[in-house]
Amino acid sequence: MTFTGSFDVGAKIYRDFSACNWVRPIHLEMGGKNAVIVSRHADLDRAALGIVRSAFGLQGQKCSAASRLFVETPVYDDLTTRLKSLTKKLTIGDPTDRSVYLGPVINEGAYKKFQEYCAEITAGGSQFLTGGRVPTGSLFDKGWFCEPTLAVDLPLQHRL
């Protein structure tokens, strides 16, 4: 079994699978900070596309969303340029419109957490390549919309 989800559900699966008379393999991913590693040998177009899709699909509200990157120095600038370009092309709006990639986040709590994380990232000395804000006006005042956000150079010891 492979499971991606909350710690509580993953721990229950672990306990249940451990309580049998034979070994049953399981792989549990329980809310970790999913990392992407990009080496100098990577196809940067494919890497950038995969990162953006993973990070921002379903507004980033999935347990398997890419949430941090480790990039080899020789390709860092090139990859971040590609990521910035792709992210800025994502359309935010009404999720029933087929041309929209990002709808609102699930609730006010997620909306406020986004704002708190952005403030914490700024206070931690990082900078934003894209996003870091909530859009306002028109449709955006009727839901919990957040800009797709890429922050760079957050210290490794930072909790985020």
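# A guided tour of the core and its surroundings

Begin with the largest nonpolar core: among its 15 residues, V38, F56, L79 and L83 touch the most other members. Two elements, α2 (44-56) and α3 (73-88), each give two or more residues to this core. Helix α2 supplies the largest share, seven residues. The model on display is a predicted one.

**The whole chain**

Zoom out to show the complete trace. The protein chain contains four helices and six strands, and from the N terminus their order is β-α-β-β-α-β-α-α-β-β. Along its principal axes, the C-alpha trace extends over about 60 × 45 × 35 Å. Of the 160 residues in the protein chain, 31% are buried. Considering contacts between residues at least 6 apart in sequence, 62% connect residues at least 24 apart.

Now turn on the surface. The protein chain exposes about 10,400 Å², and carbon and sulfur atoms account for 54% of that area. Colouring by charge displays 19 positive and 16 negative side chains, with the centres of the two sets 3 Å apart.

**Helix α2**

Select residues 44-56. With 13 residues at 1.5 Å a residue, α2 should span 18 Å, and the distance of 18 Å between its end C-alpha atoms agrees with this. Show the side chains next: L44, A47, A48, I51, V52, S54, A55 and F56 are buried in α2. An α-helix has 3.6 residues a turn, so residues three or four places apart point the same way. To see what covers the buried residues of α2, add the surrounding elements, which include β3 (35-38), β4 (68-71), α3 and β6 (150-152).

**V38, in strand β3**

Select V38, which is located in strand β3. V38 has a relative accessible area of 2%, below the 20% limit, and is therefore buried. Which residues does V38 touch, not counting residues up to four places away in sequence? They are L44, A47, I51, F70, V71, E72, V75 and L79. For a distance check, draw a line from V38 to L79: these residues are 41 apart along the chain, and their C-alpha atoms are separated by 8.7 Å.

**T87, in helix α3**

Move to T87, a residue of helix α3. Is T87 buried or exposed? Its relative accessibility is 1%, so T87 counts as buried. Leaving out residues up to four places away in sequence, T87 touches V52, F56, T130, P148 and L150. Two of these partners, V52 and F56, are among the buried residues of α2.

**P25, in a loop**

For a contrasting environment, select P25 in the loop between α1 (7-18) and β2 (27-29). P25 has a relative accessibility of 63%, over the 50% limit, and therefore counts as exposed. Beyond its neighbours within four places in sequence, P25 is in contact with M1 and F17. The partner F17 falls within the range of α1 (7-18). A line from P25 to Q59 joins residues 34 apart in sequence, whose C-alpha atoms are 31 Å apart in space.

**Returning to the core**

Finish by selecting V38 again with its contacts beyond four places in sequence, among them L44, A47 and I51. These three residues are listed among the buried positions of α2. Then select Y111, C118, V134 and C146, which are included in a second, separate core of six residues.

Key:
Residues numbered from 1 in each chain as written. Predicted model: local features only at pLDDT ≥ 70, side-chain atom pairs only at ≥ 80, totals over all residues. Heavy atoms only, no water. Core = buried A, V, L, I, M, F, W, Y, C linked by side-chain atoms within 4.5 Å. Buried < 20%, exposed > 50% of the residue type's maximum accessible area, 1.4 Å probe, protein only. Contact = heavy atoms within 4.5 Å. Areas by Shrake-Rupley, 256 points an atom, 1.4 Å probe, with all protein chains shown as cover. Lys, Arg positive; Asp, Glu negative; His and termini not counted. Charge placed at Lys NZ, Arg CZ, Asp CG, Glu CD. Expected span 1.5 Å × (residues − 1).
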